[in-house]
Amino acid sequence: MIKVGILTSGGDCQGLNGAMYGLVKGLTETNKDKVEIYGILDGYTGLINGDYKKMKPEEFENILNLGGSILGNSRQPFKKINEPDEKGRNKVEAMISNYKKMELDCLVVLGGNGSHKTANLLSEKGLNIVTLPKTIDNDINGTDMTFGFQSAIDIATRTLDELHTTAKSHGRIMIAEIMGNKAGWLTLYSGIAGKADVILIPEIPYNIEKISQYIKDKLKNGRKHIILAVAEGIISQEETKLSKKELKQKRAKDGYISAGYRLEAELSEKIDGEVRVVVPGHIQRGGNPCAFDRVLTSRIGVKGAELILNKQYGRMVAVQSNNITSVPLSTAVEKPKRVDPNDEIIRQVRMLGICLGD
Ligand code: F6P
């Protein structure tokens, strides 16, 4: 008997259920009576608390197109992994102990960057771990793509599409603040798809003078409205000169207002025109996965099953050049994947006449 535990960790995204569907199908289609599945509830919190249930393969049958996670999610910050939990327990010891109590042969973790650090730690402590890369941020090292990313691009693009019509009617400047944590992938892709005039990403610090001039020139040349796709993690060129501590103090002084509103304040001082901000927020992670993510998660899940059946542990399923492969967990946790300002796509964005703010 092969006993497999599954948990979905960190912020949710579209495709978590689809990946579990692919995984369970891949494990059980040809080994029906040889595999037992344990659903661990609410991410690592469930593993710490021993909160899990034995599940039938049929329970994963009709969830490919369903958003969220049927197991529930929680954030267990890696930074606090060595702090005792509210009951005074050592979290790592509790997780190892519950894994052993459940007599698991493998734990499958569906997670992003932080969850991968914990998964890698558990793997180093001797647990058999396989991970599946999820996040709308697309910022996990070692994989070209994470699931959830394409669905979030579709939603952020629809937001930009909708802003175009109202911005045009009113002749307004509209800013959409897009998620992605400290990475600009989601803003870059949706910005291109949603035909933003300005795309600002954390990897390219912005200069407010350049953006204002670009907008003024466009308006002078007959353009009636302007759309800015702005990543939540943007930083100005001025701010890059500050130390981490100074930047924190500056943000506190500004009242911790988010990127879109900070930019609105800066732009309003420079430009004579109405500026509005829209923050689609968690809507970008919500709803059902797009068709692309349904295909991707089916394949990623099946690959995870293959790794388990071949006893290839300590690995993350990865997408590389359109192939589904795997990389060691140590690669996944090297450092978050960022947009390279020298990448071909950045050159192409400039050639499209889009302002990148630098
Ligand atoms: O990592 C996914 C993500 O949606 C980021 O884009 C965003 O910064 C963050 O999670 C939001 O976190 P929370 O769900 O805890 O508000």
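**Entry 1: a pair of strands**

I began with one residue pair: Val198 has Leu228 in β8 as its bridge partner. I then looked at the strands around that pair. β7 and β8 (residues 226-231) run parallel, and 3 bridges join them. Since I am reading a predicted model, I checked its scores before going further.

**Entry 2: how confident is the model?**

I noted an average pLDDT of 97 for the chain, with 100% of the residues scoring at least 70. I also wrote down the ipTM, 0.98, and the pTM, 0.97. As a reminder to myself, coordinates should not be read in detail where pLDDT is low.

**Entry 3: the sheet of 4 strands**

Back to β7 and β8. I followed the strand order and found β7-β8-β6-β9, an open sheet of 4 strands with parallel pairing. Which strands stand at the edges? They are β7 (198-200) and β9 (275-278); each has a single partner strand, so one side of each lacks a neighbour in the sheet. I looked up the turn between neighbouring strands here too: it averages 20°, direction ignored.

**Entry 4: the sheet of 7 strands**

Next I traced another open sheet, this one with 7 strands. Its order reads β3-β2-β1-β4-β5-β10-β11, and the pairing is mixed. At its edges I found β3 (52-55) and β11 (323-328), each pairing on one side only. Neighbouring strands in this sheet are turned against each other by 30° on average, direction ignored.

I wanted to see one pairing here in detail, so to speak, and picked β2 (residues 35-40) with β3. How do these two strands run, parallel or antiparallel? They run antiparallel, and 4 bridges join them. Along this pair, I found Tyr38 opposite Lys54 in β3.

**Entry 5: around the ligand**

I turned to the ligand and listed the residues around it. Among them are Gly11, Arg75, Thr135, Asp137, Met179, Asn181, Glu232 and Arg285. How many of the shell's residues are charged? I counted 4 charged residues, beside 5 polar and 2 nonpolar ones. I also checked where the shell comes from: domain 1 (2-148 + 289-332) and domain 2 (151-285) each supply at least three residues.

**Entry 6: what the record says**

Last, I opened the UniProt record. Its unreviewed entry places the feature "domain: Phosphofructokinase" at residues 3-307. Over that stretch I noted 41% helix and 15% strand. The end C-alpha atoms of residues 3-307 are 14 Å apart.

Notes:
Residues numbered from 1 in each chain as written. Predicted model: local features only at pLDDT ≥ 70, side-chain atom pairs only at ≥ 80, totals over all residues. Near = placed C-beta within 6 Å. Nonpolar A, V, L, I, M, F, W, Y, C, P; charged D, E, K, R; others polar. Domains from an automatic or database assignment. UniProt positions renumbered as here; feature names shortened; annotations may be inferred. pLDDT = per-residue confidence, 0-100. Pairing = 2+ DSSP bridges. Axes fitted to C-alpha atoms, helices over the stretch in contact; angles between N-to-C directions.
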